[in-house]
Amino acid sequence: MSVVLLLNKWLLGFFLFNANVHPYHVSATEMEYDAKSKRVEISTKIFTDDFETVLAKVYKQKTDLSNPKLKTQMTVLVNKYITTHLTLKTGDKILPLQLYDWEIDHEAVYVYAIAEAPAFNIKSIMVENKVLYDLFDDQVNIVHFIYKGNRKSAKLVYPETKLSLAF
């Protein structure tokens, strides 16, 4: 996870995290296929206030991601949300995401997931990303996919949800 974490920690940081107000509705997801472990490591960065708001709206309960006493309860919501709003497909097979962990860093939440990919087809990758589409009709979701050090990036602007990649 370290490469994905380091790259994503700096992504969008300079111009998006200005005080407690952000004029943009943006998330950033980075996916990296690790051929040795045969899995895709995923890191998604979402503004904390937006993420809490969407979790409360979708699951109709109070959310507080910064309260350590609620970590277990919030992890259930984070897992439900990410695994239903972010999808990875290779060839004709959907790769189920498994929540690895999540953390708050300043104004952002980093959600880490993995997808076991024993037969990954680098010529046929489809990503569906609907993160925060429940909340904003001006949402932009940036997706980076890395394979053997090569990066392909794209942005999905609401209502677009899917992108196809090939290496």
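# Questions on a predicted fold

Visitor: Which residue takes a positive phi in the hairpin of S5 and S6?
Guide: The hairpin of S5 and S6 has two residues between its strands, and there a positive phi near 60° occurs in this predicted model. The two strands run antiparallel and are joined by seven bridges, and Ile-104 has Val-109 in S6 as its bridge partner. The residue with the positive phi is His-106.

Visitor: How many helices and strands does the chain have?
Guide: Read from the N terminus, the elements follow the order α-α-β-β-α-α-β-β-β-β-β-β-β-β. The chain has 167 residues, of which 46% count as buried. Among contacts with a separation of 6 or more, 61% join residues 24 or more positions apart. In total, the chain has four helices and ten strands.

Visitor: What is the average turn between neighbouring strands in the sheet that has the order S5-S6-S2-S1-S8-S9?
Guide: Six strands make up this open sheet, and their pairing is mixed. Its edges are strand S5 (98–105) and strand S9 (150–157), each of which pairs on one side only. With direction ignored, the average turn of neighbouring strands against each other is 15°.

Visitor: At about what angle does helix H4 lie to the direction of S5?
Guide: Helix H3 (residues 48–59) packs on the six-stranded sheet and touches strand S2 (39–47), S5 and strand S6 (108–116), while its direction makes about 95° with that of S2. Helix H4 (residues 71–85) packs on this sheet as well, touching S2, S5 and S6. The direction of H4 and that of S5 make an angle of about 120°.

Visitor: Which residue in S9 is the bridge partner of His-144?
Guide: Strand S8 (residues 140–147) and S9 run antiparallel and are joined by eight bridges. Their hairpin has two residues between the strands, and in this hairpin Lys-148 takes a positive phi near 50°. Within S9, the bridge partner of His-144 is Ser-153.

Visitor: Which strands stand at the edges of the sheet with the order S4-S3-S7-S10?
Guide: This is an open sheet of four strands, with antiparallel pairing. Each of its edge strands has a single partner strand, so one side of each is left without a neighbour in the sheet. The twist from one strand to the next averages 25°. The strands at the edges are strand S4 (93–95) and strand S10 (162–165).

Visitor: At about what angle does H4 lie to the direction of S3, where this helix packs on the sheet?
Guide: S3 and S4 pair in the antiparallel sense over three bridges, and Leu-88 has Leu-95 in S4 as its bridge partner. H4 packs on the sheet and touches S3 and S7. The angle between the direction of H4 and that of S3 is about 45°.

Visitor: Which element gives the most residues to the largest nonpolar core?
Guide: The largest nonpolar core has 38 residues, of which Val-40, Phe-51, Leu-88 and Phe-145 touch the most other members. The element that gives the most to this core, with five residues, is H4.

Visitor: Why do the buried residues of H4 line one face of the helix, that is, within what arc do they fall?
Guide: H4 has 15 residues, and its span from the first C-alpha to the last is 20 Å, close to the 21 Å expected at 1.5 Å a residue. Its buried residues are Met-74, Leu-77, Val-78, Tyr-81, Ile-82 and His-85, and what covers the buried residues of H4 includes S2, H3, strand S3 (86–90), S5, S6 and strand S7 (125–129). Seen down the axis of H4, the buried residues line one face because they fall within an arc of 120°.

Visitor: What is the relative accessible area of Asn-129?
Guide: Asn-129 has its place in strand S7, and the residues it touches include Ser-27, Thr-29, His-85, Asn-141 and Leu-156. The C-alpha atom of Asn-129 is separated by 9.9 Å from that of Lys-155, although the two residues are 26 residues apart along the chain. A residue counts as buried when its relative accessible area is under 20%, and Asn-129 is therefore buried, with a relative accessible area of 0%.

Key: Residues numbered from 1 in each chain as written. Predicted model: local features only at pLDDT ≥ 70, side-chain atom pairs only at ≥ 80, totals over all residues. Heavy atoms only, no water. Pairing = 2+ DSSP bridges. Axes fitted to C-alpha atoms, helices over the stretch in contact; angles between N-to-C directions. Contact = heavy atoms within 4.5 Å. Core = buried A, V, L, I, M, F, W, Y, C linked by side-chain atoms within 4.5 Å. Buried < 20%, exposed > 50% of the residue type's maximum accessible area, 1.4 Å probe, protein only. Expected span 1.5 Å × (residues − 1). Arc of directions from axis to C-beta. Lists of a residue's contacts leave out its neighbours within four places in sequence.
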